[in-house]
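Here is a short set of exercises to work through with the model open beside you. Try each task on your own, then compare your steps with the worked solution.

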Amino acid sequence: MRSIKDWPEDERPREKLLQQGAERLSDAELLALVLRTGDAASGTSALDQARSLLTRFGSLRELAAAGSRELQQQKGIGPAKTAELLGVFELARRFSAAPLRPGERYSCSQDVYRHYHERLRDRKKEVFLTLLLDAKNRVIREVQISEGSLTASIVHPREVFAPVVRESAAAVLFIHNHPSGDPTPSREDIDLTTRLRQAGELMGVRVLDHIIIGNGDYISFADRGL
């Protein structure tokens, strides 16, 4: 099988991008640019490997959600190429997601969804975050409280409110994801939110909302009166 460098110039992904623009490249061609080289042992080009990855995982989004072990099960994808792929996908997530930063004001649940959706939608474990806010609902900082199993996040009010006390926050906002993609609150989610609100009342800290991020959707406890 011929190497990409032996192809006609206008068919090579790199040259095609420079001559025609990145938007003219297919998903496989863009992936081939990241992989850069093929696999000599199997005689496959970088484009062959890119196509194989997309066939195996089904889409770019599913590929982006894959872990290092899954990627390295693909023939010709070793630690170096795995690191390149993981790095590119993480850059894409960071570019797409603009987390609420210190000093920014929280105004509605949709703001939180827009800021955190890309970051959390593909996580395979539940991640529980707390946003610490001042008296004017401006962000002080974000704190990750836990990263749980495939089905549940282990959260205790003591762990949640310890940083609240340290930072003298006046209000808090809770965010977590559902790896299933369905943001519908579970009974555990509802019970946890009730306990956290009760703890907040005892400490004089306003609990503004608990937002669950799914795949393309979200649930706000405050918006639904839960």
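Helices (H or I, at least four residues) and strands (E, at least two) are DSSP runs, numbered from the N terminus. This is a predicted model, in which local features need pLDDT of at least 70 and side-chain atom pairs count only at pLDDT 80 or more, while totals for chains, interfaces and linings use all residues. Residues are numbered from 1 along each chain as its sequence is written, and side-chain values use heavy atoms, with hydrogens and water left out.

**Exercise 1. Backbone angles**

Find where Asn137 and Arg36 are located, and check the sign of phi at Asn137 and at Arg36.

Solution. Begin with Asn137, which sits in the loop between β1 (127-133) and β2 (139-147). Phi of Asn137 is near 60°, a positive value in a residue other than glycine. Next, go to Arg36, in the loop between α2 and α3. Arg36 comes just after α2, and it is not a glycine either, yet its phi is positive at about 70°. Finally, look at the surroundings of Arg36: it has a relative accessible area of 54%, so it is exposed. (Buried means under 20% relative accessible area, exposed over 50%, partly exposed in between, with a 1.4 Å probe and protein chains only.)

**Exercise 2. The nonpolar core**

Work out which helices supply the largest nonpolar core, and which residues Leu85 is in contact with.

Solution. First, the term: a nonpolar core is a set of buried Ala, Val, Leu, Ile, Met, Phe, Trp, Tyr and Cys residues joined through side-chain atoms within 4.5 Å. The largest one has 18 residues, and those with the most contacts inside it are Leu31, Leu35, Leu53, Leu63, Leu71 and Leu85. Second, the suppliers: at least two residues each come from α2 (27-35), α3 (46-57), α4 (60-64) and α6 (79-96). Of the helices, α3 gives the most, with 6 residues. Third, α2 itself: its buried residues include Leu31, Val34 and Leu35. Fourth, take Leu85. Contact means heavy atoms within 4.5 Å; leaving aside neighbours within four places in sequence, Leu85 is in contact with Leu31, Val34, Leu35, Leu53 and Leu71.

**Exercise 3. Two polar residues**

Decide whether Thr82 is buried or exposed, do likewise for Gln74, and list what Thr82 and Gln74 touch.

Solution. Thr82 lies in helix α6. Its relative accessibility is 2%, so Thr82 counts as buried. Beyond neighbours within four places in sequence, Thr82 is in contact with Ser68, Leu71, Gln72 and Ile77. Now turn to Gln74, in the loop between α5 (68-72) and α6. Gln74 has 14% relative accessibility and therefore counts as buried. Not counting residues up to four places away in sequence, Gln74 touches Ser52, Leu53 and Arg56.

**Exercise 4. Aromatic pairs**

Classify the ring pair Tyr113 and Tyr218, then the pair Phe161 and Phe174.

Solution. Start from the rule: rings of Phe, Tyr and Trp (its six-membered ring) pair if their centres lie within 6.5 Å; planes under 30 degrees apart count as stacked, over 60 as edge-to-face and the rest as tilted. The count comes to 3 aromatic pairs. The ring centres of Tyr113 and Tyr218 are 4.7 Å apart and their planes are at 25°, so this pair is stacked. Tyr113 is in helix α7 (residues 109-120) and Tyr218 in strand β5 (residues 218-220), 105 residues apart, so to speak a link between distant parts of the chain. Both Tyr113 and Tyr218 are buried. For Phe161 and Phe174, the centres lie 6.5 Å apart with planes at 80°, so the pair is edge-to-face. Phe161 belongs to helix α8 (residues 157-167) and Phe174 to strand β3 (residues 171-177). Phe161 is buried at 3% relative accessibility, and Phe174 is buried at 0%. Phe128, Phe161 and Phe174 form one aromatic cluster.

**Exercise 5. Between the domains**

Describe the interface of domain 1 and domain 2: what area is buried, and how many salt bridges cross it?

Solution. The bounds, from an automatic or database domain assignment, are 4-97 for domain 1 and 104-224 for domain 2. Their C-alpha centres lie 35 Å apart, and the contact takes 8 residues from domain 1 and 6 residues from domain 2. Buried area is the accessible area (1.4 Å probe) that two parts lose on being put together, summed over both. Here it is about 650 Å², of which carbon and sulfur atoms give 48%. A salt bridge is a side-chain nitrogen of Lys or Arg within 4 Å of a carboxyl oxygen of Asp or Glu, and the rule finds 3 across this interface. As a last step, look at Lys124 and Glu70: they form a salt bridge whose closest N and O atoms are 2.7 Å apart.
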